[in-house]
Amino acid sequence: MIDALDRRIIAALQLNGRAPWAGIARWAGTSESTAQRRFNVLRERKLLHVVGAVELDRTGGGSSMLVRVQARPGKGLELAELLAECPEARFLALVTGTADLIVDFVARDNEELLRLLYTDLPGAHLIAGTEHVAVIRTFSSAALWDTGLLPGEAVADLRPSASTAPYERVDWDKPPQPLTELERAVVGELAKDGRMPVTTVARNLGRSESSVARSLERMVARGCLHFRTLAEPALLGYEAEFMLWLSIEPGSLEAAGRQLAKHPGTKFLAAATGRFNLVGHMVLPRRTDLFRYTDEVIGALPGLNASDVTLHLVTLKGAWTRMDQFDTRPGVPGNA
């Protein structure tokens, strides 16, 4: 569906979805006009989309709850469509294995979470069972994943200096800094289109370009705003996409998380509550690579008690955006 140049452009955008076209073109090995034209074609074909995404823990924007869902027989697709329409669902995938769907819900507080999971859960009549896993610390973020298709120098050139890998952060004990009214409004616009020009954002909000630009720069400098490039991993040569569920002994969780976060196939990794206290979203070039990965990568983790893998069939939603539609309606800004 795409060629090597398209892949390099996507890889550059994955490093920084709002990177200047000059930098993207330089690392993709083409002209700025060609890079922009290729991007526009890919976006029109609904093969990729760039969105602004905030870090929940830095901004106090809510907490993440990963839910493993078992659907009633033959009802998985119907249930997935209902859950995808839920505004609190940040990520949703149909999978195979010990679960049928994986949903990442984001709630502002316990009251909202209680309502969502126990009172107003969409498609409850189609659900056979659920298991909830609360995210408590991230080791790796999908917004900071490196596809490996570009040299290491491209990372340093394209990615903002504030983009520190979560496992290297030292500010976890600092209280979150809530976004201002203007910052929330700016994020709301960038959640629809992460490459929206500042002039357009300012016009949409009825604010000055300088105030919008300063607000954007402050959020990026604080590390609370990233730009996600949403594209199917298969387009980049990763045919195996899966969620990894691990049970790690207390005392080894930090070491296991850091070790696994450094693997090139780790897109997202977080410590969590429940019987699976280390949960990740992973990719590999081929499904057959799972054998060596299970034996050599998972098997080498310190304190490992048990593991489970759920293979992705299709991802319906990422960063609050319908992956099959790249819906640009206003939604709750955030990251996945």
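I'll start with helix α2, residues 21-28, where the buried residues are Trp21, Gly23, Ile24, Ala25 and Ala28. Before going further: this is a predicted model.

What lies over those buried residues of α2? The cover includes α1, α3 and α7, the last of these being residues 152-158. Right after α2 comes glycine 29, with a positive phi of about 80 degrees.

Take the α2 and α3 pair next. Their axes come within 8 Å and cross at roughly 95 degrees. The two helices are therefore roughly perpendicular to each other, since 65 to 115 degrees is the range for that term. On the α2 side the residues are Trp21, Ala22, Ile24 and Ala25, and they meet Glu32, Ala35, Gln36 and Phe39 in α3. By class, that contact divides into six nonpolar residues, one polar and one charged. Trp21, Ile24 and Ala25 of α2 take part in this contact, and these residues are also listed among the buried ones.

A general remark on the spacing. An α-helix has 3.6 residues a turn, so residues three or four places apart point the same way.

Now α1 and α3. Helix α1 is residues 4-15 and helix α3 is residues 32-44; they pack at an angle of about 90 degrees, with axes 10 Å apart. That angle makes α1 roughly perpendicular to α3. From α1 the contact uses Leu5, Asp6, Ile9, Ile10 and Leu13, and from α3 it uses Thr34, Ala35, Arg38, Phe39 and Leu42. The class count here is seven nonpolar, one polar and two charged. Ala35 and Phe39 of α3 appear in this contact, and both also appear in the contact with α2.

Staying at this end of the chain, aspartate 3 is in the segment before α1. Is aspartate 3 buried, partly exposed or exposed? At 33% relative accessibility, the residue counts as partly exposed, because that class lies between 20% and 50%. The side chain of aspartate 3 reaches two backbone nitrogens: that of leucine 5 at 3.2 Å, and that of aspartate 6 at 2.9 Å. Leucine 5 and aspartate 6 are both on the α1 side of the contact with α3. As for aspartate 3 and glutamate 44, they are 41 residues apart along the chain, and their C-alpha atoms are separated by 16 Å.

The next helix pair is α8, residues 181-190, with α9, residues 198-205. Their axes come within 10 Å and cross at roughly 120 degrees. That makes α8 oblique to α9, because the roughly perpendicular range ends at 115 degrees. The crossing of α8 past α9 is right-handed. Contributing from α8 are Leu182, Ala185, Val186, Glu189 and Leu190, and from α9 Val201, Asn204 and Leu205. Six of the contact residues are nonpolar, one is polar and one is charged.

On to the strands. Phenylalanine 268 sits in strand β8, residues 266-272. With 15% relative accessibility, phenylalanine 268 counts as buried, because the limit is under 20%. Which residues touch it, leaving aside neighbours within four places in sequence? Phenylalanine 268 is in contact with Leu66, Thr138, Ser140, Ala142, Val279, Gly280, His281 and Met282. Between phenylalanine 268 and glutamate 153 there are 22 Å in space, C-alpha to C-alpha, and the two are 115 residues apart in sequence.

Last, the stretch from β10 to β11. The loop between β10, residues 304-318, and β11 contains alanine 319. Tryptophan 320 lies in that loop between β10 and β11 as well. Alanine 319 has a positive phi of about 50 degrees, although it is not a glycine. For tryptophan 320, also a residue other than glycine, phi is positive and near 65 degrees. Are these loop residues buried or exposed? Alanine 319, at 5% relative accessibility, counts as buried, and so does tryptophan 320, at 12%.

Arginine 322 follows in strand β11, residues 321-322. At 3% relative accessibility, arginine 322 counts as buried. What does its side chain pair with? The arginine 322 side chain makes a polar contact of 3.3 Å with the side chain of glutamate 81, and another of 3.2 Å with the side chain of glutamate 85.

How values were computed
Residues numbered from 1 in each chain as written. Predicted model: local features only at pLDDT ≥ 70, side-chain atom pairs only at ≥ 80, totals over all residues. Heavy atoms only, no water. Helix = DSSP H or I, 4+ residues; strand = E, 2+ residues; numbered from the N terminus. Buried < 20%, exposed > 50% of the residue type's maximum accessible area, 1.4 Å probe, protein only. Polar contact = N/O pair within 3.5 Å; in protein donor to acceptor, adjacent residues only side chain to side chain. Axes fitted to C-alpha atoms, helices over the stretch in contact; angles between N-to-C directions. Parallel < 35°, antiparallel > 145°, perpendicular 65-115°, else oblique. Left-handed = near helix turned anticlockwise from the far one by under 90°. Contact = heavy atoms within 4.5 Å. Nonpolar A, V, L, I, M, F, W, Y, C, P; charged D, E, K, R; others polar.
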